[in-house]
Amino acid sequence: MAKRDIMELQKRMRTEEHNITWIATALIELDGTVASVHKERLVSMREEEYFKYLDKIKSIFPYKKYGDAVLQVDVQFGATVLHGYMSAAINSEMKDDEAIQQIIEIARAAAASETKHAVIIWNDIYDIIKVDKNNESLDESEETLNYIGCMVCPVNMDREGLAYSANDEKFVAKDREWIMGAPEFAFMWPSFTDRSVNEDAVTIYTNNPANPPHDFIASELGCKTFWTRTEVQKLFEHAVLRGVDEQDDQPLVLEMFNYKLEQMADQDMDMLDESQMAAVLEFAGVKAEIAQRIAREYAKIFNNVPQSINDLYVKKYATKYAAEMKLLEIKRKLNQAADAIDNMSGGRSEELTQDIRRVAAGL
């Protein structure tokens, strides 16, 4: 999913922009049973509830984390049972209570932790406005994105304590309440691709990119196998740690590897196939046979599909290596300066040059 698409959806979650009609909520007990279902028009809610629901929906479109927390995944096997219920909810304008109930029943399986959960379902209708070549909005709409969104949030008991009561003008014991937390997982269908409706993909949000609910995404949403950016990077790091025996060499390999990826990205290279990965690993100091083995094993994980350089790249490693190279260059120049002073003074500035060399050694 393009960053600009996520930004466009996020910016719509304002009072004057969105067109969310109904919101349905359900409480899921610890044993997985649905305790209660409530459906209400968003515009009928109390103001404080209205804005909190908008904020929750807005939070699943963090455009700075696209490709990791937010992904667009192609549907592999056509419409699933869940897609059928979502279609029914869309076509009935959320009036089909059976469809809503079934979406809740299926969505609760995406809950990740051992606690109560809330399921929130909403319907949003977006008239996609045409834009000109300068990205300026035109008056007429191009097509309409009518989608169902669904999120799963943990629900936990808040802490006991004393809270100030304006009526009593003093601090009083606070009743403990069940509080809805930030979304763990969410999905929307149809998706929004290049400012157009895409019924062949699902937009997914996860607050745990290292371990998204793959089983749910594959079985219930019918999506193709995918990996988040965090998973791609972790799998590579594990492959390096398994392949490079020397503990001291492992960090340096990761630093040099990512430094090289940064250079490749600057040259407008997008993907890294098996042979290219082996070459970059060799640049990072890995022996040829080991580099080829790591690249081969890594390619096998991804069914020999080249991986995105952007997904593999970890900035902190590249930055650290660049800083180390700068430091080595400073040391080299300081020692060169000391040599030049020695030559010019005929050895009479030994005390100064020794100080310079001590500074260089201490860097």
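Two strands are taken to pair if DSSP finds at least two bridges between them. The structure described here is a predicted model, and the report treats its strands, its salt bridges and several individual residues in turn.

**The hairpin of strands 1 and 2**

Strand 1, residues 20–28, and strand 2, residues 34–41, pair in the antiparallel sense over seven bridges. Together strand 1 and strand 2 form a hairpin, with five residues between them. Within that turn, Gly32 has a positive phi of about 90°. One position in the pairing may be named: Ile23 stands opposite Glu40 in strand 2. Strand 1 is mostly covered, since seven of its nine residues are buried.

**Strand 12 and its partners**

Strand 12 comprises residues 201–206, and six of its six residues are buried. The cover extends to both faces of strand 12. On one side lie the buried residues Ala201, Thr203 and Tyr205, and on the other the buried residues Val202, Ile204 and Thr206.

Strand 12 pairs with strand 3 and also with strand 9. With strand 3, residues 70–74, the pairing is antiparallel and runs over five bridges; here Leu71 has Ile204 of strand 12 as its bridge partner. With strand 9, residues 185–189, the pairing is again antiparallel, and it runs over four bridges. In this second pairing, Met188 stands opposite Thr203 in strand 12. Thr203 and Ile204, the strand 12 residues named in these bridges, are both buried.

**Salt bridges**

A search of the whole structure finds 14 salt bridges. Among them are the three listed below, each with the distance between the N and O atoms.

| Basic residue | Acidic residue | N to O distance |
|---|---|---|
| Arg195 | Glu8 | 2.9 Å |
| Arg46 | Glu49 | 2.9 Å |
| Lys95 | Glu93 | 3.3 Å |

The side chains of Arg195 and Glu8 meet in a salt bridge. Arg195 lies in the loop between strand 10 (191–193) and strand 11 (196–198), while Glu8 belongs to helix 1 (residues 3–11), so this pair ties together parts that are 187 residues apart in sequence. Arg195 counts as buried because its relative accessibility is 12%. Glu8, at 16% relative accessibility, is buried as well.

For the salt bridge between Arg46 and Glu49, the accessibility of each partner is as follows. Arg46 has a relative accessibility of 53% and therefore counts as exposed. Glu49 has a relative accessible area of 27%, so it is partly exposed.

In the salt bridge of Lys95 with Glu93, the closest N and O atoms are 3.3 Å apart. Lys95 counts as partly exposed at 47% relative accessibility, and Glu93 is likewise partly exposed, with a relative accessible area of 46%. Elsewhere, Arg14, Glu16 and Glu17 are joined into one network by salt bridges that share partners.

**Ser308 in strand 14**

Ser308 lies in strand 14, which covers residues 307–308. Ser308 is buried because its relative accessible area is 18%, and the cut-off for the buried class is under 20%. The side chain of Ser308 reaches the backbone nitrogen of Asn310 at 3.1 Å. When neighbours within four places in sequence are left aside, Ser308 is in contact with Asp270 and Met271.

**Arg293 in helix 9**

Helix 9 spans residues 288–301 and contains Arg293. Arg293 has a relative accessibility of 35% and therefore counts as partly exposed. Arg293 and Ala278 are 15 residues apart in sequence, and their C-alpha atoms are 8.2 Å apart in space.

**Ile330 and the nonpolar surface patch**

Ile330 is found in helix 11, residues 315–345. Ile330 counts as partly exposed because its relative accessibility is 43%. With Leu327, Val359 and Leu363, Ile330 forms a nonpolar patch on the surface. The accessible area of these four residues together is about 320 Å². Ile330 and Phe61 are 269 residues apart along the chain, and 44 Å separates their C-alpha atoms.

How values were computed. Residues are numbered from 1 along each chain as its sequence is written. This is a predicted model: local features need pLDDT of at least 70, side-chain atom pairs count only at pLDDT 80 or more; totals for chains, interfaces and linings use all residues. Side-chain values use heavy atoms; hydrogens and water are left out. Patches are made of residues with over 30% relative accessible area and no salt bridge: like charges are joined within 9 Å, nonpolar side chains (Val, Leu, Ile, Met, Phe, Trp, Tyr) within 5 Å. Accessible areas come from the Shrake-Rupley method with a 1.4 Å probe; for residues, only the protein chains shown count as cover. Helices (H or I, at least four residues) and strands (E, at least two) are DSSP runs, numbered from the N terminus. Buried means under 20% relative accessible area, exposed over 50%, partly exposed in between (1.4 Å probe, protein chains only). A polar contact is a pair of N or O atoms within 3.5 Å; within protein, one must be able to donate a hydrogen and the other to accept it, and residues adjacent in sequence count only if both atoms are side-chain atoms. Contact means heavy atoms within 4.5 Å.
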